[in-house]
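Colleague: I am new to this structure and would like some help reading it. Could you walk me through it step by step?

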Amino acid sequence: MAREAAGRPPEETLSLWKREQARLKALLVDRDTEAWQRDPAFSGLHRVGGVDVSFVKGDSVRACASLVVLSFPELQVVYEESRMVNLTAPYVAGFLAFREVPFLVDLVRQLQEKEPGLMPQVLLVDGNGVLHHRGFGVACHLGVLTELPCIGVAKKLLQVDGLENNALHKEKIRLLRAGGDTFPLTGGSGTVLGMALKSHSCSTKPLYISVGHRISLEVAVRLAQRCCRFRIPEPVRQADIRSREHIRKTLGHLGPPAPGQERSQAQSPKACPKGGLGEAADP
DNA sequence: GCGACAG
DNA sequence: ATCTTGTCGC
């Protein structure tokens, strides 16, 4: 019945997927299209969305897809939908979208039907945009299919087009000082594919931001940073937290025996000095 | 055989 | 992506 989602697909499938990526890439818009994007204070921006997919431990098929919408600039969750899904495609680097995007599109469609007034004005996506083997990562894919502005937010550098997580790269990371500091990720062709962003004043690892759809890289970076209470932008972080929680509540006590011990952690994951929400000061 | 490998 | 315990600080 439920087909496996493991094992590498045949070369023929990958070739079809590549053609699909190339086809959709022609529809990608890699510049600002919204008025709020031109405003230095993002006035006019009220709703930011986040999506994520979490997985069930020993299961290669079952997963939970989540879409959340947060108010901006308050970053309060105003909408959430989490749904168990059956994955059909395996994870193959460079083809993440074929595994996750169909379910995310469904979630956006459902929101459009039930609460169109809560449709996010921009979506932060876990993964890359144009910082991708063929310039069309999951954030581009979701953006083109939904026509929503999208931003790619990756936690690890995808080493493509000459980009390497080498000593030089690590040195550049070390030189990032304040939250909001960045350096460009320039591919072999000389094109800037994305930006490394120190999203929080006290986080060692940067975020790798790239254009998904209908937004410029500069605005994408600024917005991602303004969405950060911690290292991970709040929309993506909330989608992640809530999709795991949904899994736990749905099939939490059917396998791994878990003694109960509730915790409250409404605040910082690791804790870091303090500050309004951004920078350092200069005496 | 070795290294890469978003999530 | 997933698993995991403690540790430190407010």
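Modeller: We will go through the sheet, the cysteines and the two DNA strands in turn. This is a predicted model, where local features need pLDDT of at least 70, side-chain atom pairs count only at pLDDT 80 or more, and totals for chains, interfaces and linings use all residues. Residues are numbered from 1 along each chain as its sequence is written, chains are lettered from A and ligands numbered from 1 in the order in which they are written, and side-chain values use heavy atoms, with hydrogens and water left out.

Colleague: Let us start with the sheet. In what order do the 8 strands lie?

Modeller: Strands of a sheet pair through backbone hydrogen bonds, either parallel or antiparallel. Strands here are DSSP runs of E, at least two residues, numbered from the N terminus, and two of them pair if DSSP finds at least two bridges between them. The order is β3-β2-β1-β4-β5-β8-β7-β6, in an open sheet with mixed pairing. At the edges are β3 (77-86) and β6 (182-186), each pairing on one side only.

Colleague: Which pairs run parallel, and which antiparallel?

Modeller: β1 and β4 run parallel, joined by 4 bridges; there, Gly50 stands opposite Leu124. β4 and β5 are also parallel, with 4 bridges, and Asp126 has Val153 of β5 as its bridge partner. In contrast, β5 (residues 150-154) pairs with β8 (residues 207-213) in the antiparallel sense over 5 bridges, and Cys150 faces His213 of β8.

Colleague: Is strand β4 buried or exposed?

Modeller: In a regular strand the side chains alternate between the two faces of the sheet. Buried means under 20% relative accessible area, exposed over 50%, and partly exposed in between, using a 1.4 Å probe and protein chains only. In β4 (residues 122-126), 5 of the 5 residues are buried, so the strand is largely enclosed by the rest of the structure. Val122, Leu124 and Asp126 point one way, while Leu123 and Val125 point the other.

Colleague: How many disulfides are there?

Modeller: A disulfide is a covalent bond between the sulfur atoms of two cysteines. With the rule that the two sulfur atoms lie within 2.5 Å, the count is 0. Take Cys228: the nearest cysteine sulfur belongs to Cys227, 7.0 Å away. Cys228 is buried, at 5% relative accessibility.

Colleague: Now the DNA. Which residues come nearest to strand B?

Modeller: A residue is near a strand if one of its heavy atoms lies within 4 Å of it. Of the 17 residues around DNA strand B, the nearest are Tyr91, Gly94, Asn128, Lys155 and Gln159. A polar contact is a pair of N or O atoms within 3.5 Å. A polar backbone atom of Asn128 is 3.1 Å from a base nitrogen of strand B, and a side-chain N or O atom of His132 is 3.2 Å from a base nitrogen. Of the strand B atoms within 4 Å of the protein, 54% belong to sugar or phosphate and the rest to bases.

Colleague: What residues surround DNA strand C?

Modeller: They are Ser54, Phe55, Lys57, Lys155 and Arg244. Of the strand C atoms within 4 Å of the protein, 100% belong to sugar or phosphate. Polar side-chain atoms of Lys155 and Arg244 lie 3.1 Å and 3.2 Å, respectively, from a phosphate oxygen of strand C. Phe55, in strand β1 (residues 47-55), is partly exposed, with a relative accessible area of 38%.

Note on methods. A polar contact is a pair of N or O atoms within 3.5 Å; within protein, one must be able to donate a hydrogen and the other to accept it, and residues adjacent in sequence count only if both atoms are side-chain atoms.
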